[in-house]
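Open your viewer, keep the selection box handy, and follow along stop by stop. Each stop tells you what to pick and what is there.

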Amino acid sequence: MIALLHYAFLKSIRDRSLAVFVLGPALVIAASLFGATLAEGFRYPLYVSRQMSAAQNAEMAGLILTFFAMTFGTVAAFWVFRPEVATKAIGSFLMARRPITVSLAQVTFAAAVAFSAWVVGIAAIAALTSALPPALGWSAVAVAVASIAAASIGALVVTISPQPAMMVWAFLACTALLPLLNHPAVRPKLLYVEAVVSILFIAVSAFLLERRWAS
Amino acid sequence: MTEHAIVADGLLKRYGRVTALRDTSFAVTKGTITGFIGRNGAGKTTTLKIVSTLLDADDGSCRVLGGDVRKDPYAIRARIGFLPDAFELPATLTLREYLGIFTELYGIPRGDRARRVETSLQLTRTEELADRRLHALSRGEEQRVGLARALIHNPEILILDEPAAGLDPHARVELKELLRLLRERGKTVFLSSHVLADLEEICDELVVIKNGSVIFSGDIDGFRKQMHSTTRWRLSAVTRSIPLPSNFRGEVIESGPTYIEFEGELSPRERARWIAELVDKGIDVCELAPLRSSLEQEFAKAVEDEEEQEVAAS
């Protein structure tokens with residue numbers, strides 16, 4: 001799996017997609033904070049809403065960040081081996097490694113990207129709003145599990161069809177996840193659901209990967 | 001006893017209502033270059049995919065290096081190098097990085113990786129591409145890179161689907177040289193190709209497939225014997241017309257003032273007698289020799305013969 005992670009890392013560094021995936025969510029948050037603040041004249045710390053405290057603004061920004069980090073994670077999983085799946089070049093990996101290893105590498109890479117994007121975004125929020133979102137430790141665990149689930153969605157979707165338009169499904173799945181992530185009563189249950197979804201989707205994507213190559 | 005690298009027995013493969021392979025059986029001898037020929041849609045790629053463990057046959061069995069492709073696909077994959085008919089290379093990686101990743105993927109020990117990459121580069125003559133990114137390569141260069149990747153783990157069998165497709169004559173010569181070199185090193189090469197002249201030059205054995213069934217499997221001379229029941233001969237002489245011998249039993253196919261081409265059986269004794277007869281008549285004989293038809297002609301004939309038999313049977 002290390003070899004496949006090495007391949008994904010090298011490829012995404014060279015085509016600059018890694019920078020976009022990791023920095024993208026932080027840039028979105030920064031842009032929205034600047035936009036909301038500038039609308040009423042610039043001042044520091046930045047905010048989403050003037051009526052809210054710095055901590056509340058950080059919490060709101062953290063929620064938006066989580067959504068974008070998950071979405072970018074899904075897109076990263078979809079994107080990283082998309083050309084290989086589309087052209088069946090993925091077959092050269094499958095000659096050397098089992099399909100489940102390829103799918104796991106794909107999900108691990110994308111989940112790491114999503115989590116890194118979230119960490120960078122939190123740092124940006126702290127710097128711009130002068131506050132941190134609450135329950136950061138718990139959020140980090142939830143985001144780590146959600147990153148894997150989001151990445152497994154991307155991995156599954158690309159094996160169903162590598163057409164770029166399929167990313168819409170990934171986006172919709174993340175949109176559905178967002179309110180759940182923010183609901184305190186649902187959070188612990190959601191972790192289990194996400195874990196099951198991840199295992200299932202990784203297994204199905206590995207199966208489809210082998211089938212797609214043979215077709 | 002001949003050792004076989006690949007043995008396919010009674011393979012059947014259906015895609016919905018279409019039967020791609022029916023009772024396909026053949027064997028590939030270890031250490032040989034075996035050509036796999038057939039028209040488009042004859043079942044070549046399906047067969048190669050089954051042999052490479054990518055596709056399951058609906059019936060029949062296939063053994064590669066003694067292992068069953070259905071029961072032990074991953075162990076077989078580790079011992080074969082497969083080059084599909086079309087493949088894409090990661091444009092942003094250099095060839096050295098790309099091959100290095102495959103040494104990791106195949107679990108080659110860290111200390112051996114650089115040496116293995118160098119060996120692969122040298123074998124495929126891609127050293128000059130080693131530190132170039134894999135974009136804007138010519139078709140010939142791409143094929144060589146694909147071969148370098150297929151060889152990186154030192155496989156015992158190379159399975160190549162149309163490796164000569166789109167190659168210029170120079171690249172084809174290089175490919176043939178490489179395949180000969182691999183045979184010298186004890187590798188088995190099983191390749192499909194439409195360039196029959198090339199196969200004729202390098203192959204020891206041949207598998208001919210038509211409509212999903214193997215119609216011949218064996219050495220090239222055996223194929224000629226099977227397909228060419230009567231030999232075509234050419235007699236040329238310095239004369240204005242060539243008289244036929246009194247007991248001529250052949251069929252004249254083509255003739256001119258100084259030559260005759262005919263089909264028929266001619267024993268060495270009959271040849272000597274005929275030449276003596278012509279010399280007695282004051283005719284200088286330049287040659288009387290069998291014409292060797294090309295593999296392409298033989299293949300076309302084989303396919304036509306099969307079609308005629310099918311029409312007759314129906």
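**Stop 1: a hairpin in chain B**

Select strand 12 (residues 251-256) of chain B and strand 13 (residues 259-263) of chain B: they pair in the antiparallel sense over five bridges. Strands here are DSSP runs of E with at least two residues, helices are runs of H or I with at least four, and both are numbered from the N terminus. Two strands count as paired if DSSP finds at least two bridges between them. With two residues between them, strand 12 and strand 13 of chain B form a hairpin. Now pick B:Val252, and you will find B:Phe262 of strand 13 of chain B standing opposite.

Before moving on, please note that this is a predicted model, in which local features need pLDDT of at least 70 and side-chain atom pairs count only at pLDDT 80 or more, while totals for chains, interfaces and linings use all residues. Residues are numbered from 1 along each chain as its sequence is written, chains are lettered from A and ligands numbered from 1 in the order in which they are written, and side-chain values use heavy atoms, with hydrogens and water left out.

**Stop 2: the whole of chain B**

Zoom out and colour chain B by secondary structure: ten helices and 14 strands should appear. Along the principal axes, its C-alpha atoms fill a box of roughly 80 × 50 × 40 Å. Of the 314 residues in chain B, 49% are buried (under 20% relative accessible area with a 1.4 Å probe and protein chains only; exposed is over 50%, and partly exposed is in between).

**Stop 3: an open sheet**

Strands of a sheet pair through backbone hydrogen bonds, either parallel or antiparallel. Stay with chain B and look for the four strands that form an open sheet in the order 2-1-4-5, with antiparallel pairing. Strand 2 (18-29) and strand 5 (67-68) of chain B each have a single partner strand, so each edge strand has one side without a neighbour in the sheet. Next, highlight strand 1 of chain B and strand 4 (residues 59-64) of chain B, which run antiparallel and are joined by five bridges. Which residue of strand 4 of chain B does B:Asp9 stand opposite? Select B:Ser61 to see the partner.

**Stop 4: aromatic rings**

Show the side chains of A:Tyr7, A:Phe81, A:Phe93, B:Tyr98 and B:Phe102, which form one aromatic cluster. Over all chains, the structure holds eleven aromatic pairs (rings of Phe, Tyr and Trp, the last by its six-membered ring, with centres within 6.5 Å; planes under 30 degrees apart are stacked, over 60 edge-to-face, and the rest tilted). Focus on A:Phe81 and A:Phe93: their ring centres are 5.8 Å apart and their planes are at 50°, so this pair is tilted. A:Phe81 is in the loop between helix 3 (54-80) and helix 4 (82-86) of chain A, while A:Phe93 is in helix 5 (residues 90-96) of chain A, so the pair ties together parts that are twelve residues apart in sequence. Are these rings buried or exposed? A:Phe81 is buried, at 1% relative accessible area, and A:Phe93 is buried, at 1% relative accessibility.

Add B:Arg149 to the view: B:Arg149 lies over the face of B:Phe102, at 5.8 Å from the ring centre (a charge sits over a ring if NZ of Lys or CZ of Arg is within 6 Å of the ring centre and within 35 degrees of the ring normal).

**Stop 5: enclosed spaces**

The structure holds four cavities of 30 Å³ or more. On a 1 Å grid over the protein atoms alone, a cavity is a set of points where a 1.4 Å probe fits but cannot get out, a pocket is an open set with protein on both sides within 12 Å along at least five of seven lines, and lining residues have an atom within 4 Å of a point. Grid points are joined across faces, edges and corners, and a volume is the space filled by probe spheres set on the points.

The largest cavity has a volume of about 160 Å³. Select B:Pro245, B:Asn247, B:Phe248, B:Leu266 and B:Glu270, the closest to its centre of the 13 lining residues. Helix 9 (residues 268-280) of chain B gives the most to this lining, with four residues.

The second largest cavity holds about 90 Å³ of space. Among the residues closest to its centre are A:Ser92, B:Tyr106 and B:Arg149.

**Stop 6: the largest pocket**

Finish at the largest pocket, with about 390 Å³ of space. Of its 17 lining residues, the closest to the centre are A:Glu210, A:Arg211, A:Ala214, B:Leu54 and B:Asp56. Helix 9 of chain A gives the most to the lining, with four residues.
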